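Morning, everyone. Let me put the model on the screen, and then we'll walk through it.

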Amino acid sequence: MIILGIESSCDETAAAVLADQHTVLSSVVSSQVAVHHKYGGVVPELASRMHIEAIAPVVSEAVEQAGISLDDIEGVAVTRGPGLVGALLVGFSFAKAFAWARNLPWTGVNHLEGHIYSVLLSDDPPAFPFAALVASGGHTNIYHVASQDDFELMGQTRDDAAGEAFDKVAKMLGLGYPGGAVVEKLAAQGDPSRVKFPRTYLDKDGFDFSFSGLKSAVSRYIHLNKDNLEEMIPHIAAGFQAAVMDVLSFKLIHAAQAKGCKNIAMAGGVSANSALAIRVAADASKRGIRLYLPPKQLCGDNAAMIAARGHRLIQEGNLCQLDQDVFSRTRFL
Ligand code: KG4
Ligand code: ZN
């Protein structure tokens, strides 16, 4: 079944075509980063306007790259939430209209379930059950994924998301937005033991996160060391990243052990961090647990993962109706 996927929950307008649940024929992502960069974060109103401009050309390009015609599309999957309401509405309304005009089945996908499905799009996907960490600019969630349709939320951040912490630290260091990739690059040149930042585990048997204390500690350090900041930047980045990695790795592996899972997965923008992947894989393998990741180009927001989850929902008859709407915060996870 050929599915058109559409994603517009934040600052990426994306469309993808899937031939079946695992075969990506095309995945087009139009990023608005250049526009939001100068504001140091995503400006919701600008994001909505840019989605409106990008949505039709991005869908056309995905269809063209897939080598199909519009008539070949048999179903539509679109992100329904969580995300920025104005941004979500652009993709959702487009998908609704497209499916209605062509009389196609269509479904709304939970963005976070989409991220989990991105791992299933790798050449070597994990067997169920597994523990999954979805770490992005908006979320840091741990799930127990028992089957294709069974996602139990075990824990989440109580304040900042992991990617948001990367972005805020990058901003404090004058490195621009988004900050994950640049902090990772600088951290590789620094010594993580030069500046020791706090690790917040909250309840060590629980799976919730908190990154605001770490962010404040970095801010304090920068304030107190203004004079020789330049030479310390790589060490600050390395110290910060080490603190994030310690907590993410500990909690994810702990979640797998609590559920008796031999497999773990990471998804979302932060899972593109190679140092994190190497670290978690090493910690896991010492405990007989294996780490699975999405294909690198599907770590961040994309529509292939939405199409993959939507493929399953459509096959199960889990369809949306025209009077249904988007949601900004997680409802059914
Ligand atoms: O999944 P995503 O593309 O969008 C959201 O749903 O938020 O994630 C974007 C987040 C940003 O906060 C970005 O800084 C972070 O992922 N990120 C990274 C890396 N690449 C992107 N964080 C750490 N290391 C990276 N290499
Ligand atoms: Zn995302």
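A word on naming before anything else: helices and strands here are DSSP runs, numbered from the N terminus, with at least four residues for a helix and at least two for a strand. With that in hand, take Pro129. It sits in the loop between H4 and strand E6, which spans 130-135. The peptide bond leading into it, from Phe128, is cis. Omega there is near -5°. Keep in mind that this is a predicted model.

There is another cis bond to look at. Tyr177 to Pro178 is cis, with omega near -10°. Where is Pro178? In the loop between H5 and H6.

One more backbone point. Asn103 is not a glycine, yet its phi is positive, at about 55°. Find Asn103 in the loop that runs from helix H3 (85-102) to strand E5 (106-110).

Now the ligand. Where does ligand 1 sit? In the largest pocket. Three elements each give two or more residues to the shell around it: helix H4 (111-120), helix H5 (162-172) and helix H6 (180-187). Which of them gives the most? H5, with 4 residues.

Who is in that shell? There are 21 residues around ligand 1. The nearest are Gly137, Asp167, Gly180, Glu184 and Gly269. By class, the shell splits into 12 polar, 5 nonpolar and 4 charged residues.

Next, backbone contacts to oxygen atoms of ligand 1. Gly180 has a backbone N or O atom 3.0 Å from a ligand oxygen. For Gly163, a backbone N or O atom is 3.1 Å from a ligand oxygen. Asp301 has a polar backbone atom 3.1 Å from an oxygen of ligand 1. How much of the ligand does the protein cover? Of the 560 Å² of accessible area that ligand 1 has on its own, 85% is covered.

Last, the domains. Why do we say that ligand 1 lies between two of them? Because domain 1 (3-115 + 299-315) and domain 2 (127-293) both give residues to its shell.

To recap: two cis bonds to look at, Phe128 to Pro129 and Tyr177 to Pro178. One positive phi, at Asn103. And ligand 1 in the largest pocket, between domain 1 and domain 2.

Technical notes:
Residues numbered from 1 in each chain as written. Chains lettered and ligands numbered in written order. Predicted model: local features only at pLDDT ≥ 70, side-chain atom pairs only at ≥ 80, totals over all residues. Heavy atoms only, no water. Near = heavy atom within 4 Å. Polar contact = N/O pair within 3.5 Å; in protein donor to acceptor, adjacent residues only side chain to side chain. Areas by Shrake-Rupley, 256 points an atom, 1.4 Å probe, with all protein chains shown as cover. 1 Å grid on protein atoms, 1.4 Å probe; cavity = no way out; pocket = protein on both sides within 12 Å on 5 of 7 lines; lining within 4 Å. Sits in = over half its atoms within 2 Å of the grid points. Nonpolar A, V, L, I, M, F, W, Y, C, P; charged D, E, K, R; others polar. Domains from an automatic or database assignment.
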